Amino acid sequence: MDINDPLTAGIGDLADIEDPEIPEILPAMAVRDIVVFNYMIIPLFVGRPASVEAVQEAMTNDKLIMLVTQQDSSIDEPTPEEVYRVGMVCMIMRTLKLPDGRLKVLVQAIQKARIEAFTQEEPFLKAEIELLPDSLDVKMTVEIDALMRNVREQTEKILSLKGVMSSELLAILSGIDEPGRLADLVVSNLRLKVQESQSVLETLDPVDRLHKVLEFLNKELEVSTMQAKIQSEAKEEMGRTQREYYLREQIHALKKELGDFDEKSQEIEELQARFKKARMPSAVKKEGLKQLKRLEMMHPDASEATTIRTYLDWMLDVPWRKSTKDRLDLKIAQQVLDEDHYGLDKIKERILEYLAVRKLNKSTKGPILCFVGPPGVGKTSLGQSIARAMGRKFIRFSLGGMRDEAEIRGHRRTYIGAMPGRIIQGLKTVGSNNPIFMLDEIDKVGADYRGDPSSALLEVLDPEQNFEFSDHYLNLPCDLSKVMFITTANMSDTIPGPLLDRMEVINLSGYTLEEKLEIAKRYLLPRQIKENGIKTTHIKIDDETISRVISHYTREAGLRNLERELGKVCRKVARRVAEGGKGPYSISLRTLAKYLGPPKILPEGADVIDEPGLATGLAWTEVGGEILYIEVSLLKGKGGLTLTGQLGDVMKESAQAALTVCRSWLPKLKLADDFFEEHDIHIHVPAGAIPKDGPSAGITMATALYSAISGKKVRKNLAMTGEITLRGRVLPIGGLREKALAALRANITTILIPAENKKDLVEIPEDLRKQITFIPVKKIGQVFNKAFD
């Protein structure tokens with residue numbers, strides 16, 4: 001029962017106002033989480049547009065409004081079917097417009113009514129109502145008098161248990177001699193559910209209504225009695241705890257006098273022995289002994305004693321000078337790396353270089369590498385292989401979505417539940433100060449009011465600073481220079497510049513079909529056979545079939561989908577074996593569809609470019625290279641240019657530049673000077689639902705435009721990439737290896753590249769260079785000469 005405000009306000013609630021003449025049709029407003037009863041004066045905050053208009057309509061007329069309660073409080077815009085029909089006609093006494101546009105309205109309920117029908121639903125509700133006046137000629141009998149007395153007594157008991165009983169409240173309750181009015185006053189102050197309050201409101205007979213209120217009062221009295229009992233027991237428990245504390249202190253004092261065993265003394269001695277044996281810097285040991293002395297002076301039950309005890313445990317658990325011995329045999333390291341990964345020669349070479357330097361110079365600092373590449377190319381597993389090759393411990397955690405700087409630096413000890421950051425936690429977990437520490441998804445670090453984790457990483461990933469990294473919790477310098485940090489990212493563009501500058505970036509572009517085939521045979525298929533509980537004797541699959549899985553069931557730079565498809569094949573074989581089959585089951589090109597269904601991807605080849613106005617470009621994405629088809633159509637018109645396919649601003653500007661270049665070629669094409677003024681040009685880049693942007697589609701758009709204008713077809717098996725200037729110069733691009741892999745997947749054998757990218761061809765595997773002819777171009781004229789037969 002709510003006894004703080006409403007009952008004391010009840011004096012005002014019971015104040016009679018002059019009964020106005022109530023019309024049959026009134027504006028209606030739905031309220032939530034409250035049922036209004038007769039004579040109540042309540043403030044309402046009105047924010048819904050329909051409710052605001054209903055209040056304004058009422059204020060312009062007779063200030064009367066029909067308030068009904070909505071059945072589901074979670075609905076923002078209730079319909080007439082979603083509100084109760086019985087409510088209260090209320091007089092609006094005062095309104096105040098708040099700065100946020102809402103209204104604060106003070107209303108007094110004057111008459112119960114039922115909605116017969118809604119005459120208007122937009123822009124606010126209007127309802128035809130039937131008044132439901134309380135019967136004022138209730139014959140007072142002994143039973144009714146006893147009922148009213150019971151209600152008053154139960155209310156007084158509840159108020160007494162709450163500790164807010166006063167003579168003024170007694171006077172209010174005693175001064176009401178109408179059953180209905182007493183029922184409405186008491187029920188409006190009970191904490192009832194909306195359905196229960198509405199059931200009381202809809203009970204028209206005053207005596208029946210009072211009976212219902214008495215039932216709810218009895219329930220509330222039971223709850224209040226139990227609440228008072230719980231509070232009393234809690235006070236007794238608190239007193240008992242204090243007595244036990246004093247008794248324990250006396251027992252401790254007696255044991256000390258008798259020379260008996262003291263747990264605290266033994267704990268202090270154990271900590272002192274651990275500090276004596278611990279290999280830690282002198283500054284750390286000095287701070288630890290200082291905190292240990294503080295702990296010795298404190299009472300064991302003091303709140304700060306637990307904090308210091310935890311701090312000392314962390315200080316002793318950090319491997320300050322505990323290292324694992326590096327395996328510096330380069331041949332064994334090479335063998336381990338080759339066992340775990342196929343290809344990736346550049347990364348393997350970098351690791352072997354570090355081991356060679358480490359073998360010659362023991363004090364060299366650990367490198368900080370950043371593997372950048374599409375998902376599924378083996379960035380994380382490569383870190384595990386490096387740790388195995390070097391004989392070091394390995395630990396990783398993901399930075400993706402991290403927004404709290406304390407995740408890196410730790411919390412200060414002033415906070416409850418404070419603990420070190422993830423770096424110190426990782427060192428404690430592996431128990432050495434020179435592990436391989438992999439920080440995944442460094443390109444997806446966030447930032448908010450709690451700090452910027454990428455700024456904290458500046459100290460961690462800087463060899464010139466991390467030899468005295470300071471964690472907020474320990475507040476002591478910790479040497480991270482022996483840790484080999486490896487970070488991973490899908491793209492380097494979103495990594496902050498200062499952070500990227502501290503790392504040695506190594507790109508993992510993706511795999512060719514031949515590389516994927518070898519990886520599938522060596523690693524993926526054996527792993528899936530083992531995980532699905534079958535043996536190599538149960539399944540036979542040849543290279544041609546695996547190649548078909550790669551080309552027709554996956555399209556990715558990495559290997560995750562390929563492993564899923566091979567796993568699907570192994571699961572179907574496992575089911576046959578579990579059903580009693582012995583195998584071996586042969587998966588061939590003819591039977592592959594039975595295991596994987598129809599091909600998911602039909603490689604688009606040169607047949608797409610079969611008419612003028614079409615050209616093939618190459619694009620770079622986070623998940624590798626992609627083929628980009630440019631379509632151009634010429635229509636009779638007035639020189640308009642239409643660009644479709646969700647193109648970004650950069651690609652739109654490339655299209656404008658390509659159009660300008662093509663206009664300059666009009667004399668060579670022997671076309672009329674007003675050719676472009678008499679034709680509309682439509683450039684489209686499928687697929688239209690995928691956003692596209694980037695600075696490498698300029699020469700492709702120019703070639704497609706030139707093809708459409710001249711009526712010449714672009715050569716088949718030809719793709720191109722490069723930006724264009726207004727003077728027709730071809731500018732360099734990035735991601736050449738990824739684009740070349742995408743071209744190879746589409747059976748394209750010739751690629752036009754900017755002449756300045758010729759230096760990047762050394763990064764492309766030799767077998768890929770043998771399959772694709774790269775033609776460097778400087779000017780758009782060279783592009784046109786090579787693009788058309």
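Q: Which strand does helix α13 run at about 175° to?
A: This is a predicted model, so to speak of local features you need pLDDT (the predictor's confidence in each residue, from 0 to 100) of at least 70, while side-chain atom pairs count only at pLDDT 80 or more and totals for chains, interfaces and linings use all residues. Residues are numbered from 1 along each chain as its sequence is written, and side-chain values use heavy atoms, without hydrogens or water. Helices (H or I, at least four residues) and strands (E, at least two) are DSSP runs numbered from the N terminus, and angles run from 0 to 180 degrees between N-to-C directions of axes, which are lines fitted to C-alpha atoms, for helices over the stretch in contact. Helix α13 (residues 379–390) lies across β7, β8, β9 (436–440) and β12 (484–489), and the strand it meets at about 175° is β9.

Q: What angle does helix α15 make with β8?
A: Helix α15 covers residues 422–430 and packs on the sheet. It touches β8, β9 and β12 (contact means heavy atoms within 4.5 Å), and its direction makes an angle with that of β8 of about 150°.

Q: Which strands sit at the edges of the open sheet?
A: The sheet has 5 strands with parallel pairing, in the order β8-β9-β12-β7-β13. Two strands pair if DSSP finds at least two bridges between them. An edge strand pairs on one side only, and that goes for β8 (394–398) and β13 (504–507).

Q: Which residue of β13 stands opposite Val-372?
A: Strand β7 (residues 368–372) runs parallel to β13, joined by 4 bridges. Val-372 faces a residue of β13, namely Asn-507.

Q: Which helix gives the largest share of the largest nonpolar core?
A: A nonpolar core is a set of buried Ala, Val, Leu, Ile, Met, Phe, Trp, Tyr and Cys residues joined through side-chain atoms within 4.5 Å. This one has 52 residues, and those touching the most other members include Leu-67, Cys-90 and Val-107. Its largest share is 7 residues, from helix α7.

Q: Why does His-341 count as buried?
A: His-341 is in the loop between α11 (330–340) and α12 (345–360). Beyond four places in sequence, its contacts include Lys-348, Ser-381 and Tyr-523. Buried means under 20% relative accessible area, exposed over 50%, and partly exposed in between (1.4 Å probe, protein chains only). His-341 counts as buried because its relative accessibility is 9%.

Q: Is Asp-33 buried or exposed?
A: Asp-33 sits in the loop between β1 (25–31) and β2 (41–46). It isn't a glycine, yet its phi is positive, about 65°. Most residues other than glycine have a negative phi. With 55% relative accessibility, Asp-33 counts as exposed.

Q: Which peptide bond is cis, with omega near 0°?
A: Look in the loop between β5 (103–120) and β6 (125–131), where Pro-123 lies. Most peptide bonds are trans. The cis one here runs from Glu-122 to Pro-123.

Q: Over which residues does pLDDT stay under 50?
A: The mean pLDDT of the chain is 83, and 93% of its residues reach 70 or more. For one stretch the model has 37 contacts beyond four places in sequence, yet pLDDT stays under 50 there: residues 1–16.
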